[in-house]
Protein chains: 2
Amino acid sequence: MIDAAFLDRLRSIVGPAGHIDAPGDMEPYVAEWRGRYRGTTPLVLRPATTRELSEVVKACWEAGVPIVPQGGNTSLVGGSIPSQDGSEVLVSLSRLNRVREIDPLNYTVTVEAGCVLQAIQEAAAEVDRLFPLSLGAEGTCQIGGNISSNAGGTMTLRYGNMRDLVLGLEVVMPDGQVWDGMRRLRKNNTGYDLKHLFIGAEGTLGIVTAAVLKLFPRPKQVETGFLAVRDPDAAIELLASLRSASGDSLSAFELMPRIAIDFALKHVAGTVDPLEESHPWYVLLEFATGSGGEAFRDTIEATLGEAMEAGLVMDAVLASSESQAKQLWFIREAIVEAQKYAGGSIKHDISIPVSCVGTFIREATEAVERTIPGARPVPFGHVGDGNIHFNVTQPEGADTESYLAQWDKLNTVVHDIVLGMDGSISAEHGIGTFKRDELKRVKSPVELELMRKVKAALDPKGLMNPGKVL
Amino acid sequence: MIDAAFLDRLRSIVGPAGHIDAPGDMEPYVAEWRGRYRGTTPLVLRPATTRELSEVVKACWEAGVPIVPQGGNTSLVGGSIPSQDGSEVLVSLSRLNRVREIDPLNYTVTVEAGCVLQAIQEAAAEVDRLFPLSLGAEGTCQIGGNISSNAGGTMTLRYGNMRDLVLGLEVVMPDGQVWDGMRRLRKNNTGYDLKHLFIGAEGTLGIVTAAVLKLFPRPKQVETGFLAVRDPDAAIELLASLRSASGDSLSAFELMPRIAIDFALKHVAGTVDPLEESHPWYVLLEFATGSGGEAFRDTIEATLGEAMEAGLVMDAVLASSESQAKQLWFIREAIVEAQKYAGGSIKHDISIPVSCVGTFIREATEAVERTIPGARPVPFGHVGDGNIHFNVTQPEGADTESYLAQWDKLNTVVHDIVLGMDGSISAEHGIGTFKRDELKRVKSPVELELMRKVKAALDPKGLMNPGKVL
C-alpha cells in the first residue's frame, strides 16, 4: 500500500485538475478496452507539463513508488495497465497534448506525448505534409504510446516503423531528471543515440513526454489495387518486382486468404467481393507517389500484366476512383472485425524474413492442423514487412472456451516455426505483460542479459512500468 | 606495457596469419592516412572468424587489456588509432570479409564487418539491388566502421544514414560473449532494440563483427541537375517543393558556393563550369526513381520553371546523358580535393534543422569575418539533411601554420552558433579523440550522465576503444 501522505504530496504537485482518485472515474485507466487486463491503483495522475511530471517522478523515485505510464490505453499486450495489488501510481500523459511546433521546410513536427495520432496526421495535412504512421487505433492512441511501443501499421513498407519517424525525444528519467534530446536533425553523430533506448521500451526506462517527428511530402497520386494471386510465394515475387518497377513507391502490400474475405462478406455489412471469381489468396496494394500520372499507372499495369502472364496473378483491379479505393481498404479493415464474429481466435503477431512468408504459412498451417484438427488459420497482414497476423479461428461448431484454453499450446507450436526462421514473436504489438514469459523462452541468454544490464543502468530501482517486457 | 606472455597467448589464438608485429608492417594500422593521428601498439590482430575474435576479447577482458577495433582506418576523427603508450592491442576486422548471404526477395544482404563498402554495393548490383550508402572512402572503408560511425554520405536524403540501413547485428561484447542479433526482419518489437546501442558507438561498447543490411530496388531512371540558386534560403525552399513534386525521389541535394567552384576549376584538372554565367550559389541534385520516363522529367522541369519565375533559381541544366551527369558529380567531388591546394582549411562538420541553413550560413560567415578577417568560408555539402561542411580557407597569402593555430578558437565560434540552433557539432564524422573535449562542452550534464551509464553497464572495465567518444 502506498502511504496516504505521499499520495497527497503527489496530488499537490499536479493540482486538482491533475489527478483522479474516484474508483468510477479511474475505470477507463485501470481496465483495458477488450476487458482482458484489469489492475488497480490508488491514484491516476494527469500532469499538465513536463515539469509537473518530472516532480511527480522525482517524488516517486525518492519514495520508491512504482509508476505505470499510459497514453491512449490501446495496448494489445497489457502494457499500460497497473498491477492488481494497488502498489503503483498511474501517470496519464493525456494532458500533455500540444503540437509545439510544425516546420514544413524542415519536414518536422514537434509534439507532446499525449497528442492523439490522428491529430498529428491532421496538423501535418494542414501544411501540405504527411505524417505516415497509420493504424487502426489512430483516433484514440497517443503518440507517446506509439513511440514507447514502436508502432507499425499499414504504411511501414514505405515509411518505416515509429522508430524511423523520430528525430528527437524528451524523456523524464526514472529519477525525475529531464533528458532534453529534442533535436530536429537528420544527421547527428555525437555519441550514443540515446533516443533509441526509449523507443519501443514500453515505458520501462523512462517516460517519453515529447518528440520531434519526421514529416513527408503528401503523395500527389495514390493508386490502389486488389489482386488475386496464385499463392503467398507468388505474392512475395510480385512484391519484389513491384518495388523495383514503381521506384519503391509501394506504400502498402497486404496479404489476405479467401477465408478472411468470406468472414468479412458474411459478418460485416457493406463489404463487397471486388473480383468476380473466388480465389485462394489476395493482395491489397497501394502506391503513393508524387507524379508520373498516366505513365506511372501504365508502368504498374504493365508489371501486373507480366505477372498475369507468368501465372503469379490470376485477376486484378486498380481502383478508378477514391471511393473505389476506400471500398478496397474497407475489406482489409473488415477482416479484423469479422474474426470476432467467426468464433474464438488464437492470435499470433509474428514476423519473418519476407522471403520466408510462403514457407512459414505452409508450415504453420500444417502445424495448426496437426495440433487442433479443424482449426481455421486466417493468415493476413503486412507481408510487405514480413509481418503476418497469423490468427487461427476455432473449428466450426467448437466450444469457444475450450478452444481458447489451447492458446499457449498453439502459440508454442507456431512460435517454434517462427524461431526456426529467426523471426519475431511480436512484430508490432510489443511484449507488455502478455508475452513476458514467452520472451524469456525465445531470447538468447546473452540478449536477455544485455537487456537487463540496460534496465539496471537506467532504472536501478525498477520503478518504471514494473512487470512489463523484462 | 602488455605482458609478453599474454601477447603470445593472443598470437596463438589467431595463428600466424592472424597477427602482425613487425613495426614496418604495423605502420598502416597505427597511422592515419592524413598523418594527423599516430599511435603505437605491440600487436595487430587480424582474426579470421567471429569465434577467434571472441577468444581474443575474452582473454583481454580477463587480463584487463584494452582493445582498439579498426576497419578501413578512414576515420576523420582519430577513432581507429591506438594510444601512444602502447598499452592497447589493435584488432583489425579486415579478414572477416565474407558476404555471407544475399536475399533479393527479402531485399537484404548479410555481411561481415571487414567487407569493403564498394564490394557490398557491387554484390547488391549483381542481383539487381541497390545498397545505397555512398561516400568518398567507399573503395577503402569497411562496413563495420561505417556501422560503428553511423556513416552518412551523399544518398542519405532518400535512404537515411547507416543506422537506417541495418536490420541485424552480430557483436562481440567486452567480455568476449557474442551477441547474435542477426535478424533479417523489418518489424520486431520484442524488447529493447539493442543494435542501436552499437551503431554509432565507435567501438566503445563492443565490436561489430557482422550485419544484416537493407537493400533497395536499383533506380531505373536517374536525373541529375545543376542549378544556380539565388541564395541558401532559395535552395531550401526549392528542396521542399522538389521533394513534394518528385514523390520524394530526391536522392541528393548538395549546396555549393561560387568560391568552391572557383577552387575546383583552378586546382583540379578536368572540371568544367556547367553554366555560362557565374552565380553566387549552386545546387547539385539527383532524383532516383523507378519509372515515369518523360512524364517525370516534365514534372521536374515544370517545378524548376516555376522556381525560376519566382526568382529562386537563376539558371539550370539537367544532364542529358550519363556522362554529363558524371561530369556534374565530378565538380562536387573536386571541391573536397581543391580545398587542399587553396591553403589551410579549418573544418566544421555540422548539422542544423534544414529550415535554419540560410540563417546559419549568414551568421557563421559574419562570425568568421569578425574572428579572422579575410578568412574565406566554403560552406558546402548535404544541405538536404541540414549537414554543412563549413570549411574555412585561410586568407589569401596568410601563413598556413599560424592560421591553423586558430582552429579551436574558430570551432568554438562556429559551434556556438550551431548550438544556438540545437544543431550538431558532428553531423557525419563522429567524435573519436578529435572532438572528445568539445563533446563535454556541448552536451548537457543529463545526456553525458546517460551516456556514461550506458558505457559503464556494457563495458564496466572500460576496455573497448578507450579515450574515444566519452
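## Relation between the two chains

Of the interface residues of chain A, 100% are also interface residues in chain B, so the copies meet through the same surface. The model is predicted. Two copies of a chain are related by a rotation about an axis and a shift along it. In this model, chain A is superposed on chain B by a rotation of 180° with 0.0 Å of shift along its axis, and the RMSD is 0.0 Å. That is the relation of a two-fold axis.

## Domains and annotation

Chain A is divided into domain 1 (4–92), domain 2 (99–217), domain 3 (221–340) and domain 4 (343–428). The centres of domain 1 of chain A and domain 4 of chain A, taken over C-alpha atoms, are separated by 35 Å.

An unreviewed UniProt entry places the feature "domain: FAD-binding PCMH-type" at residues 37–218 of chain A. Helix accounts for 21% of that span and strand for 24%, and its end C-alpha atoms lie 38 Å apart.

## The nonpolar core

The largest nonpolar core has 96 residues. Those with the most contacts inside it are Phe131(A), Phe198(A) and Leu213(A), together with Phe131(B), Phe198(B) and Leu213(B).

What surrounds Leu213(B), leaving aside its neighbours within four places in sequence? Leu213(B) is in contact with Phe131(B), which is also among the core residues with the most contacts. Its other partners include Tyr107(B), Thr108(B), Val109(B), Val111(B) and Ile120(B), as well as Ile143(B), Ile147(B), Met162(B), Leu165(B) and Val166(B).

## Residues with contacts in both chains

Asn106(B) is found in the loop between strand 5 (99–103) and strand 6 (108–112) of chain B. With 2% relative accessibility, Asn106(B) counts as buried, because the cut-off for that class is under 20%. The side chain of Asn106(B) reaches the backbone oxygen of Arg184(B) at 3.1 Å. Beyond its neighbours within four places in sequence, Asn106(B) is in contact with Arg184(B) and Arg186(B) of its own chain, and with Pro353(A), Val354(A) and Ser355(A) across the interface.

Thr289(A) belongs to strand 14 (residues 281–289) of chain A and is buried, at a relative accessible area of 10%. Not counting residues up to four places away in sequence, Thr289(A) touches Gly247(B) as well as Arg158(A), Pro219(A), Lys220(A), Gln221(A), Ser249(A) and Phe296(A). Leu439(A), in helix 15 (residues 436–442) of chain A, is buried with a relative accessible area of 1%. With the same sequence neighbours excluded, Leu439(A) touches Thr190(B) in addition to Ile425(A), Ile431(A), Met451(A) and Val469(A). Leu439(A) and Ser323(A) are 116 residues apart in sequence, and their C-alpha atoms are 43 Å apart in space.

## Contacts within one chain

Tyr37(B) occupies the loop between helix 2 (23–30) and strand 2 (44–45) of chain B and is buried, its relative accessible area being 18%. Not counting residues up to four places away in sequence, Tyr37(B) touches Val30(B), Ala31(B), Glu32(B), Val77(B), Gly78(B) and Ile81(B), and also Thr433(B) and Phe434(B). From Tyr37(B) to Ile425(B) the separation is 388 residues in sequence and 20 Å in space, C-alpha to C-alpha.

Thr371(A) is found in helix 12 (residues 357–371) of chain A. A polar atom of the Thr371(A) side chain lies 2.6 Å from the backbone oxygen of Ala367(A). Outside its neighbours within four places in sequence, Thr371(A) is in contact with Lys409(A), Leu410(A) and Val413(A). The C-alpha atoms of Thr371(A) and Val413(A) are separated by 8.1 Å, while the two residues are 42 residues apart along the chain.

## Positive phi values

Most residues other than glycine have a negative phi. Which value does phi take in Asp128(A)? Phi of Asp128(A) is positive, near 60°. Asp128(A) is found in the loop between helix 4 (117–126) and strand 7 (129–130) of chain A and is partly exposed, with a relative accessible area of 33%.

Asn150(A) also has a positive phi, of about 45°, although it is not a glycine. Asn150(A) lies in the loop between helix 5 (143–148) and helix 6 (156–159) of chain A. Is Asn150(A) buried or exposed? Asn150(A) is buried, with a relative accessible area of 5%.

Methods: Residues numbered from 1 in each chain as written. Chains lettered and ligands numbered in written order. Predicted model: local features only at pLDDT ≥ 70, side-chain atom pairs only at ≥ 80, totals over all residues. Heavy atoms only, no water. Core = buried A, V, L, I, M, F, W, Y, C linked by side-chain atoms within 4.5 Å. Buried < 20%, exposed > 50% of the residue type's maximum accessible area, 1.4 Å probe, protein only. Contact = heavy atoms within 4.5 Å. UniProt positions renumbered as here; feature names shortened; annotations may be inferred. Helix = DSSP H or I, 4+ residues; strand = E, 2+ residues; numbered from the N terminus. Domains from an automatic or database assignment. Polar contact = N/O pair within 3.5 Å; in protein donor to acceptor, adjacent residues only side chain to side chain. Least-squares fit on C-alpha atoms with pLDDT ≥ 70 in both.
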